[in-house]
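Hi everyone, thanks for making time for this. I'd like to walk you through one structure, and please have it open in front of you while I talk.

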Amino acid sequence: MAEQKNASARRALWIVLLLNLAIAIGFFVTGAIGDSSGLIANGLDNTSDTVVYAISLFALTRADKWKRAAANVSGGMLLLFAIGVLVDAVRRYYAGSEPLGGLMIVMSVIAAIVNVICVWLLNRIDDPDVNVRAANTFSWNDFAANGGILVAGGLVWWLGSNWPDLAVGVAVAGIFIWGGVKILRDARREHHKAVHGDDE
């Protein structure tokens with residue numbers, strides 16, 4: 001039964017990993033073409049997701065200690081990406097940018113569809129461990145970030161200004177921080193339960 005559960009989780013994580021890798025490449029390409037902080041930020045988001053899913057696959061059949069360590073790496077990575085996105089947004093604010101609103105809208109819709117599939121696949125995993133829960137947090141973060149890109153793309157297109165794109169880049173960084181802290185707290189709770197038992 002456990003082997004069947006692990007096989008199902010592994011299959012779902014592989015599909016989600018490959019989908020996120022494809023979307024990350026799409027975000028980087030369109031971000032470079034469209035001069036968009038928001039698209040680049042989402043590309044970093046999906047890149048971190050891809051790494052997290054790879055870590056999740058590595059930890060899936062290992063001891064709980066490995067799973068907690070993997071979750072800690074995932075949470076820490078989100079916080080590091082948040083810093084990178086904020087630095088890029090500040091750089092674009094001072095250097096100037098000319099994002100393409102239409103391209104932002106199209107890419108956000110495509111990514112949202114992919115993220116719905118990822119969330120659905122991860123939610124089908126029975127009794128998810130701390131590592132799979134971390135992966136699910138990443139997917140929900142993606143979905144929220146895509147909504148921000150959609151709104152920002154519309155505002156950029158309408159106003160002809162780059163500030164909505166910069167704003168969504170900063171917002172994505174905020175989502176990274178929230179998700180990273182949530183994952184780290186979950187891993188800490190699991191560690192506490194392992195050391196002190198469920199009764200405390």
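**A walk from helix 3 to the core**

Let's start in helix 3, where R91 and D88 both sit, three residues apart, or about one turn of the helix. Before I go on, please keep in mind that this is a predicted model.

The side chains of R91 and D88 meet in a salt bridge, with 3.1 Å from N to O. Now, is each partner buried or partly exposed? R91 is partly exposed, because its relative accessible area is 45%. D88 has a relative accessibility of 16% and therefore counts as buried, since the cut-off for buried is under 20%.

D88 has another partner too. R92 forms a salt bridge with D88, and here the closest N and O atoms are 2.9 Å apart. R92 and D88 are four residues apart in helix 3, so about one helical turn separates them. Both of these residues are buried. For R92, the relative accessibility is 8%.

How many salt bridges does the structure hold? The count is three, and you have already met R91 with D88 and R92 with D88. To find another, follow R92 to D35: these residues form a salt bridge whose closest N and O atoms are 2.8 Å apart. D35 lies in the loop between helix 1 and helix 2, while R92 belongs to helix 3, which spans residues 64-95, so this pair ties together parts that are 57 residues apart in sequence. Through shared partners, the salt bridges join D35, D88, R91 and R92 into one network.

Let's stay with D35 for a moment. The loop that holds D35 runs between helix 1 (2-34) and helix 2 (37-59). D35 is partly exposed, because its relative accessible area is 27%. If you look at its backbone, phi is near 50 degrees, a positive value in a residue other than glycine.

What else does R92 touch, once we leave out residues up to four places away in sequence? Its contacts are D35, S36, S37, I40, S97, N162 and L166.

**Two rings and a core**

Next, the aromatic rings. There is one aromatic pair in the count. The rings of F81 and F176 have centres 6.5 Å apart and planes at 70 degrees, so the pair is edge-to-face; the cut-off for that label is over 60 degrees. F81 lies in helix 3 and F176 in helix 6 (residues 163-196), so this pair ties together parts that are 95 residues apart in sequence. Both F81 and F176 are buried.

F176 comes up again when we turn to the nonpolar core. In soluble globular proteins, nonpolar side chains tend to be buried together. Here, the largest nonpolar core has 42 residues, and those with the most contacts inside it are Y53, L122 and F176. Which elements give two or more residues to this core? They are helix 1, helix 2, helix 3, helix 4 (101-123), helix 5 and helix 6. Helix 5 gives the most, with eight residues. As for F176, leaving aside neighbours within four places in sequence, its contacts are A41, D45, L78, L79, F81, A82 and V85.

**One more stop in helix 5, then the surface**

Please find V156, which lies in helix 5, residues 130-159. V156 has a relative accessibility of 5%, so it counts as buried. Compare V156 with L100: they are 56 residues apart in sequence, and 7.2 Å apart in space from C-alpha to C-alpha. Not counting residues up to four places away in sequence, V156 touches P99, G101, M104, S161, P164 and D165.

L100 also takes us to the outside. Which residues make the nonpolar surface patch of about 680 Å²? They are W14, L18, L21, I25, V29, I33 and L100. W14, one of these, is found in helix 1. W14 counts as partly exposed because its relative accessibility is 46%.

**To finish**

If you take two pictures home, let the first be the salt-bridge network of D35, D88, R91 and R92. The second is F176, which pairs edge-to-face with F81 and is among the residues with the most contacts inside the largest nonpolar core. Thanks for listening, and I'm happy to take questions!

Conventions: Residues numbered from 1 in each chain as written. Predicted model: local features only at pLDDT ≥ 70, side-chain atom pairs only at ≥ 80, totals over all residues. Heavy atoms only, no water. Buried < 20%, exposed > 50% of the residue type's maximum accessible area, 1.4 Å probe, protein only. Contact = heavy atoms within 4.5 Å. Patch = residues over 30% accessible without salt bridge, like charges linked within 9 Å, V, L, I, M, F, W, Y side chains within 5 Å. Areas by Shrake-Rupley, 256 points an atom, 1.4 Å probe, with all protein chains shown as cover. Salt bridge = Lys/Arg side-chain N within 4 Å of Asp/Glu carboxyl O. Phe/Tyr/Trp six-rings, centres within 6.5 Å; stacked < 30°, edge-to-face > 60°. Core = buried A, V, L, I, M, F, W, Y, C linked by side-chain atoms within 4.5 Å.
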